[in-house]
Amino acid sequence: MKKEICARMGIAATLFGLLLVPAIGTNAATKNVYVTKGEKQTVKVKNATKKVKWKSSKSSVVKVKRAKKGFTIQAKKMGSATVKGKVNGKNYKFKVTVETPKIDKKSVSLQMGETATVKISGTKRKVNWVADDVVIAGVGTKSGKITPNAIGSTYVYAKIGKKKYKCKVTVKDTINLNVVKIPNGKCSIYAKVYSPKEAGTYPVIIMCHGYNGIADDFTSETQYYARNGYIACAIDFCGGSARSRSTGLKTTEMTIFTEKSDLIATFDYFSKQDGVDKNRIFIMGGSQGGLVASLAAEDLKDRARGMILYFPALGLADNWRRTYPDVNKIPATVSFWGMTLGRDFFATIHDLYPFNVIGGFEKPVYIFQGDKDNIVPLSDSKRVAQKYKNAKLKVLEGEGHGFRPAAGKIAMQESLKFMEENK
């Protein structure tokens, strides 16, 4: 019995020893091997040695050489050949197919928001796609679908075995960026303006940053709206940030009301420009900029087409009033969150009760608020929405004071839809 078991194990071991160990691209079950023209590939055969003779039926198509543990294929031209060899008395036969894959696009030009798919023909092998610079463009590893991420040029590659097939990707944009200086008395307001390249008449959206912010805080939004047919402007409030590029005021001279003046001056500027749909100028503000926009809307109620607010800080005056209940005891300067404020900032809002001031703006209003905001409570935004005749509030679950990318995208898309509905 033991002899029989040992004999069976010996046969199994012998058969296992003759199993093929294929290189990438070979198929051990069917013994079909695919190789690209000009490529070298090694097929390993268990127990084979360099002494084993291998022969190609068409050396003009496939040339073979002995290898230490099998044989090496050199693909000469498109076609098929049979490679034969004998290992330990057992005959082996492989069908080798030489492929000539082709990429259908050598270059692709895309605009932001567009996609393209690059394909490979002439192969039965697995194709893997890789991007050279994913900052510029990404590609689906299996699909070959190219998605632009930023302006510039890069390459995507189809990898088949050891061969690469490349496609140049150029990402262009349909928008222009201009920096303009908008006068407002002794001040000059720095404004970044994105607009469609194609000449025409377009609606406008003006964006106001929050405390110690700058225009760049709205880069994603301004570019998105410009690509969708808007002139999108984001401003640096004069004295509104330690990084402000506007001139005329120091941070110690800035107040909520100087910022309100900057917004109205920017509105006036665009209402006089050519190529502007003067009946469709929207205003937008985030946090402290939301308070500024809300106050400005009362002066612009017959001119602004609508207003968008991100977590508007209408409780700001109440908060500082609690900190400095006696206006006569407000310090000359206060350092707060990376910026030095002057006494006027606090004194001018000491008797301001925003919820008693707003509400006269009857045009559409859209408010976005995260339910996890620990700076502007959701209850404040609900109260803001109730003050307006034509307002709606969208609560973004799990979001705080500033939206994460996915929620930010939702807010942009919803805002665009809102403006499109209010033509």
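Trainee: Why does Glu-99 count as buried?

Mentor: A residue is called buried when its relative accessible area is under 20%, exposed when that area is over 50%, and partly exposed in between (1.4 Å probe, protein chains only). Glu-99 counts as buried because its relative accessibility is 5%. Before we go further, note that this is a predicted model, in which local features need pLDDT of at least 70 and side-chain atom pairs count only at pLDDT 80 or more, whereas totals for chains, interfaces and linings use all residues. Residues are numbered from 1 along each chain as its sequence is written, and side-chain values use heavy atoms, with hydrogens and water left out.

Trainee: Where is the place of Glu-99, and what is Glu-99 in contact with beyond its neighbours within four places in sequence?

Mentor: Helices (H or I, at least four residues) and strands (E, at least two) are read as DSSP runs and numbered from the N terminus, and Glu-99 belongs to strand S9, which covers residues 90–99. A contact means heavy atoms within 4.5 Å; with neighbours within four places in sequence set aside, Glu-99 contacts Tyr-34, Val-35, Thr-36 and Lys-37, as well as Gly-122, Thr-123, Lys-124 and Arg-125. A polar contact is a pair of N or O atoms within 3.5 Å, where within protein one must be able to donate a hydrogen and the other to accept it, and residues adjacent in sequence count only if both atoms are side-chain atoms. For Glu-99, the side chain reaches the backbone nitrogen of Lys-124 at 2.7 Å.

Trainee: Which side chain makes a polar contact with the side chain of Arg-280?

Mentor: The partner is the side chain of Tyr-230, at 2.8 Å, and a polar atom of the Arg-280 side chain also lies 2.8 Å from the backbone oxygen of Met-419. Arg-280 sits in strand S23, residues 276–286, and is buried because its relative accessible area is 8%. Its C-alpha is 5.2 Å from that of Arg-305, although the two are 25 residues apart in sequence. Arg-305 is also among the contacts of Arg-280 beyond four places in sequence, which include Pro-203, Val-204, Glu-420 and Lys-423 as well.

Trainee: Is Lys-53 buried or exposed, and where is Lys-53 found?

Mentor: Lys-53 is exposed because its relative accessible area is 63%, and it is found in the loop between strand S4 (40–45) and strand S5 (54–56). Outside its neighbours within four places in sequence, Lys-53 contacts Arg-66, Lys-84, Gly-85 and Lys-86; the C-alpha atoms of Lys-53 and Arg-66, which are 13 residues apart along the chain, are separated by 6.7 Å.

Trainee: What relative accessible area does Gly-370 have?

Mentor: The value for Gly-370 is 0%, so this residue is buried. Gly-370 lies in strand S27, residues 365–370, and, not counting residues up to four places away in sequence, touches Leu-396, Glu-399, Gly-400 and Phe-403. By comparison, Ser-109 in strand S11, residues 107–111, is partly exposed, with a relative accessible area of 47%.

Trainee: What phi does Phe-311 have, and what phi does Trp-337 have?

Mentor: Most residues other than glycine have a negative phi. Phe-311 has a positive phi of about 30°, and Trp-337 has a positive phi of about 50°, although neither residue is a glycine. Phe-311 is in the loop between strand S24 (306–310) and helix H5 (316–323) and counts as buried at 9% relative accessibility. Trp-337 lies in the loop between strand S25 (333–336) and strand S26 (339–342), and counts as exposed at 55% relative accessibility.

Trainee: How many helices and strands are there in the chain, and what radius of gyration does the chain have?

Mentor: The chain holds nine helices and 28 strands. The radius of gyration is taken over C-alpha atoms, and the globule rule is 2.2 Å times the number of residues to the power 0.38; the chain has 34 Å, where a compact globule of 423 residues would have a value near 22 Å. Along the principal axes, the C-alpha atoms fill a box of roughly 105 × 60 × 40 Å. Buried residues make up 48% of the 423 residues, and of the contacts with a separation of 6 or more, 64% are between residues 24 or more positions apart.
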